[in-house]
Amino acid sequence: MAGCGSAPPQNSAPPPGGTAQVGTDRPAFRSIYQELVETNTTASAGDCTLAAQRMADRLKKAGYPDDQLNVYVPPDHPKEGGLIATLPGTDPSQKAVLLLAHIDVVEAKAEDWGRDPFKLAEDAEYFTARGSNDDKAMAAIWVDSLVRYRVEGFQPKRTIKVALTCGEEGSHQLNGVQWLLANHRDWVDAAFAVNEGADGALDAQNNRVFLEIQAGEKVYQDFTLQVTDPGGHSSQPRPENAIQTLAAALGRISINAFPVALNDVTKAYFAQRADLTGGDLGAAMKALVANPGDAAAAGKLATDPLYNGTMRTTCVVTMLNAGHAPNALPQLAKANVNCRILPGTPGPEIQQALVNAINDPRVNVSPAEPFETAAPLPTLSDEILAPVRDVSGRLWPGVPLLPTMALGATDGRFLNAAGIPTYGLSGTFFKPGDNHDHGLNEHISVRSLYEARDFLYDVVKRYANP
């Protein structure tokens, strides 16, 4: 790969009819992107506050006054700050649109990567670095969009707010979105928000297959299963002990499939995905949409983890801790069961379902952390969909737009629970298996990043002028 700082390759430009403003302003965007990616924001050695300040400096140079730039630093968390930047709207009756991106990244070791993972590398196909996609691509696009709007004198009807936050990846960092909602809700209050959470799909020949827009996400919830016992000498075993009791409980969980429960988003997803998929799986999708109680169709789709997770709540054992000595009967056995709960489903309801599936009073089932609010799905109205269809139809004619529900978790879950409908929309496309977020050699297609930049710039413009 070429070293950091190299110019964009000639073949990184999108195909004819691809995007607007190709050329002279791309180096400016790339400079923003590179500076953000090369600012280490890991929990162990990074500094989100520094990254936020650097992005604020970029906006100030573009003409944003100090009262439209807020680098906030939560008390006792000096390196976990973020940025709120605002382009004021002209119509006070219109609530703002919020553009959210997290600037913290997961850990990355040079000895694993074989080079410095916090130096942006570029070749003819990819930008590669930690955070090159998750989520500094979107963060850089938001900053760049504000710069472009200011330079061209764009005056939106809606106020446009950009929130770059820390702590989305966990790792004991303070979550910036939660902190903002609890302490300065007015800074992020909006009619709706645009966030990470949905991509597009490419085939093996780099043809675009579909683009996703995400509405709603599953709720993350860990449960602790625990069995206690007096223990004793291992030379005098009893028919059961704490480990065996727990193991039996885990076996029951593994065969307990939660019922199929489609919502408006997942119904639309399967209905549109059916024609793209074809064959037996496509037929099963159509059958399931027609009748969610179709056991044969559900069984067929359950063989694919993505489809299985889309149509039901899932719970899986992820950690075990048991016993205290190799020659003693265990006194304690614990397991972590990770559940991804369908939107709108109360956590205590899933806890009781686990208790019922285990059917053994010796196994204690408790939430590992407080239950999150069971936020409903945000509505995919014409106000949200029409600008996306218009812009994507111009850039990528014939590529269908699929509604999707996130199976993982983003900071959007906190905004949705707080009554700020949040939608995932990136405009980036990946080949199957080519997304390396959180892993070695995280990367994003050069072509796709530049296209996403112009796609989101235009969509937000239309959102801001309803």
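What span should the 17 residues of helix H4 (residues 136-152) have at 1.5 Å a residue? Select H4, a DSSP run (H or I, at least four residues) numbered from the N terminus: the expected value, 1.5 Å times one less than the number of residues, is 24 Å, and the end C-alpha atoms are 24 Å apart, which agrees. The model is predicted, so local features need pLDDT of at least 70 and side-chain atom pairs pLDDT 80 or more, while totals for chains, interfaces and linings use all residues. Residues are numbered from 1 along each chain, and side-chain values use heavy atoms, without hydrogens and water.

Of the residues of H4, 14 of the 17 are buried (under 20% relative accessible area, 1.4 Å probe, protein chains only), so the helix is largely enclosed by the rest of the structure. Just after H4, Gly-153 has a positive phi of about 75°.

Next, select the largest nonpolar core (buried Ala, Val, Leu, Ile, Met, Phe, Trp, Tyr and Cys joined through side-chain atoms within 4.5 Å). Among its 71 residues, Tyr-33, Leu-59, Trp-142, Leu-146, Ile-160, Leu-164 and Phe-455 touch the most other members. Helix H15 (residues 446-464) gives this core its largest share, 11 residues.

Then centre on Phe-455. Beyond its neighbours within four places in sequence, Phe-455 is in contact (heavy atoms within 4.5 Å) with residues including Leu-211, Val-388, Trp-396 and Gly-427. Another core, of 21 residues, lies apart from the largest one; Ala-249, Leu-250, Phe-258 and Ala-333 are among its members.

Methods. Buried means under 20% relative accessible area, exposed over 50%, partly exposed in between (1.4 Å probe, protein chains only). Helices (H or I, at least four residues) and strands (E, at least two) are DSSP runs, numbered from the N terminus.
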